[in-house]
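Got the model open in your viewer? Here is a short walk through it, one selection at a time.

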Amino acid sequence: MHLDPEVLAQELAEELLGDPLDDLETSDPTASDVAAECDQGLVLLRAEAGGSTHEQCMQGLRIFCEHRDPRALPLLLPLLAVSCPILRMSAVYALGRNPSPLAVEPLLALLASDDNGYVRKAVAWSLGNYPDAPVLNPLIRSLQVDIAAVRLWAASSLAEAGSTGAAKADPAAAQLLLSLRIDSEPAVRSNSAWALGRLYGDLVQPRQQVVVESLLHAMLHDAEPSVRDEARLALEQLEQPEVLERLQTLVDEGLLS
């Protein structure tokens with residue numbers, strides 16, 4: 001049975017030094033700075049095999065959650081099997097930043113069976129960086145049955161997994177449409193609306209029309225303002241004249257501000 005993330009947060013509070021997904025750097029360091037950091041990260045991770053401290057290993061993992069370096073791959077993969085969920089989670093995020101075909105199978109195994117919600121959440125995010133791998137159906141299943149934190153990132157990653165053509169976009173959109181309608185968690189419905197907007201251009205016309213109608217329904221009738229706002233934004237960003245005209249009509253009729 002999967003544990004709720006809030007329970008996991010309490011149990012791991014003393015060890016968890018921050019979810020790497022929340023700490024990813026958005027700045028643009030120089031190439032020399034990145035190279036120096038990666039060199040240091042490799043030193044820290046290589047020391048892990050020789051008995052380095054938990055903190056040293058975490059420091060090394062944080063570096064590869066931010067930067068890409070193919071030299072890190074053989075050091076990251078074994079960490080997917082360690083007993084500490086914090087290290088597993090951080091290694092998963094690092095493999096999202098440093099995607100490799102060798103990581104696909106162990107990541108999918110973690111998504112299917114790891115008993116830690118933080119780890120599965122990390123996998124759901126990381127698999128968005130593996131759109132050409134067989135990740136579509138596992139992400140759909142996670143969006144159907146996993147805890148809210150995992151469903152949230154599964155919805156976002158389906159926008160990437162389904163972006164390689166209509167054959168993948170259609171089943172991804174089908175599940176996202178269902179989640180937009182019935183998921184109990186507003187953040188999951190919001191991410192589903194965002195993802196549907198991202199997939200729109202990869203869908204065939206009949207499915208596109210269903211997406212538009214579903215987003216309009218969510219924009220007008222969802223109980224949560226955040227979901228209504230995300231649905232409206234997704235519609236506006238389609239930049240389809242007929243959709244924009246419908247939105248303007250709703251504004252003119254006083255049904256939309």
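Start with Leu 247, which you'll find in helix 15 (residues 241–252). Keep in mind that you're looking at a predicted model. Is Leu 247 buried or exposed? At 6% relative accessibility, Leu 247 counts as buried, because the cut-off for buried is under 20%.

Now show what surrounds Leu 247. Leaving out residues up to four places away in sequence, Leu 247 touches Leu 216, Met 219, Leu 235, Glu 236 and Leu 256. Try a distance label too: the C-alpha atoms of Leu 247 and Arg 232 are separated by 8.5 Å, and these two residues are 15 apart along the chain.

Next, click on Leu 235, one of the residues touching Leu 247. With residues up to four places away again left out, the contacts of Leu 235 are Val 212, Leu 215, Leu 216, Met 219, Val 243 and Leu 247.

From there, widen the view to the largest nonpolar core, which has 80 residues. Which of them touch the most other members? Select Leu 61, Leu 127, Tyr 130 and Leu 235 to see them. Then color helix 6 (residues 85–97), which gives the most to this core, with eight residues.

Time for a pair of helices. Select helix 8 (residues 117–126) and helix 10 (residues 148–161): their axes come within 8 Å and cross at roughly 5°. That angle makes helix 8 roughly parallel to helix 10. Show side chains where the two meet: Gly 117, Arg 120, Lys 121, Ala 124 and Trp 125 come from helix 8, while helix 10 brings Ala 149, Val 150, Trp 153, Ala 154 and Ser 157. Color that contact by residue type and you'll get six nonpolar, two polar and two charged residues.

Now jump to Ser 192, in helix 12 (residues 186–199). How accessible is Ser 192? Its relative accessibility is 0%, so Ser 192 counts as buried. Beyond residues up to four places away in sequence, Ser 192 touches Ala 155, Leu 176, Ser 179 and Leu 180.

Finally, zoom out to the whole protein chain. Switch to cartoon view and you'll have 15 helices and zero strands. Of the 257 residues, 47% count as buried. Turn on the surface: the chain exposes about 12400 Å², and carbon and sulfur atoms supply 53% of that. As for how the chain meets itself, take the contacts between residues at least 6 apart in sequence: 69% of them join residues at least 24 apart.

Key:
Residues numbered from 1 in each chain as written. Predicted model: local features only at pLDDT ≥ 70, side-chain atom pairs only at ≥ 80, totals over all residues. Heavy atoms only, no water. Core = buried A, V, L, I, M, F, W, Y, C linked by side-chain atoms within 4.5 Å. Buried < 20%, exposed > 50% of the residue type's maximum accessible area, 1.4 Å probe, protein only. Helix = DSSP H or I, 4+ residues; strand = E, 2+ residues; numbered from the N terminus. Contact = heavy atoms within 4.5 Å. Areas by Shrake-Rupley, 256 points an atom, 1.4 Å probe, with all protein chains shown as cover. Axes fitted to C-alpha atoms, helices over the stretch in contact; angles between N-to-C directions. Parallel < 35°, antiparallel > 145°, perpendicular 65-115°, else oblique. Nonpolar A, V, L, I, M, F, W, Y, C, P; charged D, E, K, R; others polar.
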